[in-house]
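Biologist: I've got the sequence and the model open side by side, and I'd like a guided tour. Let's take the strands and then the charged pairs.

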Amino acid sequence: MRKIGFSLLALLLFTNVFSQDSTALKSQVAQAIQDLRDFVAIPNDALNPDDIDDNIFWLKKQFEQRGFNTAILDTENLPLFFAALPMDDAKPTVLIYMHFDGQSVDPSMWQQPNPYKVVLKKPVDNGFETVSFDELGNDINYNWRLFGRSTSDDKGPIIMFLNAIDLLKKDNKALSFNIKVILDGEEEKSSKPLPKAVQQYGELLQADFLLIADGPVHSSGKPTIAYGCRGITTMTLITYGPIKPQHSGHYGNYAPNPGFQLAQLLATMKDAEGRVTIDGYYDGISLDEETKAILKSVPDDDRAIASTLQFKSAEKVGSFYQEALQYPSLNIRGLGSGWIGPKRRTIVPESATAELDLRLVPESDGNRLKQLVKDHISKQGFQVLDHVPSKEERLRYDKIVTVEEGSVTDAFRTDLDNPYGNFLNDVLKNTFDEEVVRIRIMGGTVPIAPFINELQIPAFLVPMVNPDNNQHSPNENLKIGQLAYGIRAFYNILSAQKQQ
């Protein structure tokens, strides 16, 4: 790829930068709302291959109408969607990653009849009130919201991009970059085929930098760039009691209780202040004063976070929120044993299960951390198995844990002084006339490491959606103002010109 001198691009001249009240922008936002309604109406459950095929068919039509060449990239599982405008060797190339699949839905938990039929709501004192789309009118209210699965994660940003392209064409604006787009249909189920796919299609995907349009802007609402994200891996721990649930009157005090075994084991993994006590878990992580200053520049309010989440004291892995994100986590995401609630029974359960997720940072290797956890379990006197124990194994060992391991999605982090990062920072700052929130590494996970490892390019997350969007949850939503935000951001990123 052609590497450009970004010292020249650091000084930018923006023309046709739209204000929030721009008639042209509001007209484009109106079109974007309709496009999003059409797109969301196509179910996109990541667990349903037919859904993914239907979405790809829609995407192919939309991108080709805008002059993109498209391709369906086969993988070990579901295909990726690729699109690119004709290349100009004199320009650098940006590769844009987004995804179009979504979490499964439970319609009974949504405050609307169908999560795949977008509903318009306006804010009221006690929440939101549904209104007809006929009430939007010509003067669109940017505080109103669109509710539906994947309105924010991640169909919204795809629509923002497509409408930014439309607006650039209307204005006869020259593009400053060659544009390639890769859309993932399995992001919500860990994008397992992605590493091999990026390796297979490496030449096609080659670019100068990667822009990821996923996730919410900072809680302050300010324009945001994240220079990395944590990775993730998972583990399932299962302890065992009697081969079948037994009457607690007959066998309580005698048959070992797997719930207590599991609770005692889990309690050895963290101290009372939330720090992981497993030997070597935090090895390799060092934060100098310059890095801490960057972390403290993020306008978080730790007391407000605690108030919103309703807890008194945070864990002490870091001394403040952003510092805590620089370390790998060990999280119990689910616990189960026997029955609870109205179905509770007076029994000694046959097993107990803990579902763990381990968020990773670049200094930590997911497979190494999983091995550290298993070694720690062994030190607590448990026999670690990778299968359900046989009768012979049950009779041989006092304490048994079956460990099931999930795949590893690596973390990534780009240097904060990278020229392309500086370029994006300048564009967003000039577009929105605000200082940009620069996040060293975000807490969530986007499967980007394969692009970085294979293509050897820097990567940046440029979030587009509102921070209170309820992604992955019932009543997911997108603030209409964020549609305008995303269109403006893409418009100026893709057309920023060198100052003459």
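Biologist: Start with strand β12 (residues 231-240). How many of its 10 residues are buried?

Modeller: Buried here means under 20% relative accessible area, with exposed over 50% and partly exposed in between (1.4 Å probe, protein chains only). Strands (E, at least two residues) and helices (H or I, at least four) are DSSP runs, numbered from the N terminus. β12 is mostly covered, and its count of buried residues is 9.

Biologist: Before we go on, what kind of model is this?

Modeller: Residues are numbered from 1 along each chain as its sequence is written, and side-chain values use heavy atoms, with hydrogens and water left out. Local features need pLDDT of at least 70 and side-chain atom pairs count only at pLDDT 80 or more, while totals for chains, interfaces and linings use all residues, because this is a predicted model.

Biologist: Which strand is joined to β12 by 10 bridges?

Modeller: Two strands pair if DSSP finds at least two bridges between them. β12 and its partner run antiparallel, and in this pairing Leu237 stands opposite Ala354. The partner covers residues 351-360, and that's strand β16.

Biologist: And how many bridges join β12 to strand β18 (residues 400-405)?

Modeller: These two strands run antiparallel. You can find the register by eye: Ile238 stands opposite Thr402, and Thr239 stands opposite Val401. The number of bridges joining β12 to β18 is 5.

Biologist: β18 is also joined to strand β17 (residues 383-385). Do those run parallel or antiparallel?

Modeller: There are 3 bridges between β17 and β18. Look at Val384, whose bridge partner in β18 is Val401; Val401 is also the residue that Thr239 stands opposite. As for direction, β17 and β18 run parallel.

Biologist: On to charges. How many salt bridges does a search of the whole structure find?

Modeller: Side chains of opposite charge can pair when their charged atoms come close. To be called a salt bridge here, a side-chain nitrogen of Lys or Arg must be within 4 Å of a carboxyl oxygen of Asp or Glu. Searching the whole structure on that basis, the total of salt bridges comes to 20.

Biologist: Take Glu129, which forms one of them. Which residue is its partner?

Modeller: Glu129 is partly exposed, at 38% relative accessible area. Its partner is partly exposed too, at 24%. The closest N and O atoms are 4.0 Å apart, and the partner is Lys122.

Biologist: Now Lys189 and Glu186, which also form a salt bridge. Is Glu186 buried or exposed?

Modeller: In this pair the closest N and O atoms are 3.6 Å apart. Lys189 has a relative accessible area of 29%, so Lys189 is partly exposed. Glu186 has a relative accessible area of 5%, which means that Glu186 is buried.

Biologist: Asp279 and Lys379 meet in a salt bridge as well. How many residues apart in sequence are the parts that this pair ties together?

Modeller: The N to O distance for this salt bridge is 3.6 Å. Asp279 lies in the loop between α8 (258-267) and α9 (289-296), while Lys379 belongs to helix α12 (residues 366-379). Both residues are exposed. Because one sits in that loop and the other in α12, the pair ties together parts whose separation in sequence, in residues, is 100.

Biologist: Which residues do salt bridges that share partners join into one network?

Modeller: Here you need to follow the shared partners rather than one pair at a time. Going through them, the residues joined into one network are Asp35, Arg66 and Asp166.

Biologist: Last stop: Ser286. Where is Ser286 found?

Modeller: Ser286 has a relative accessible area of 62%, so Ser286 is exposed. You've already met its neighbourhood in sequence, since Asp279 lies there too. Ser286 is found in the loop between α8 and α9.

Biologist: What distance separates the C-alpha atoms of Ser286 and Glu363?

Modeller: Along the chain, Ser286 and Glu363 are 77 residues apart. Jump straight across in your viewer, from one C-alpha atom to the other, and the separation is 9.4 Å.
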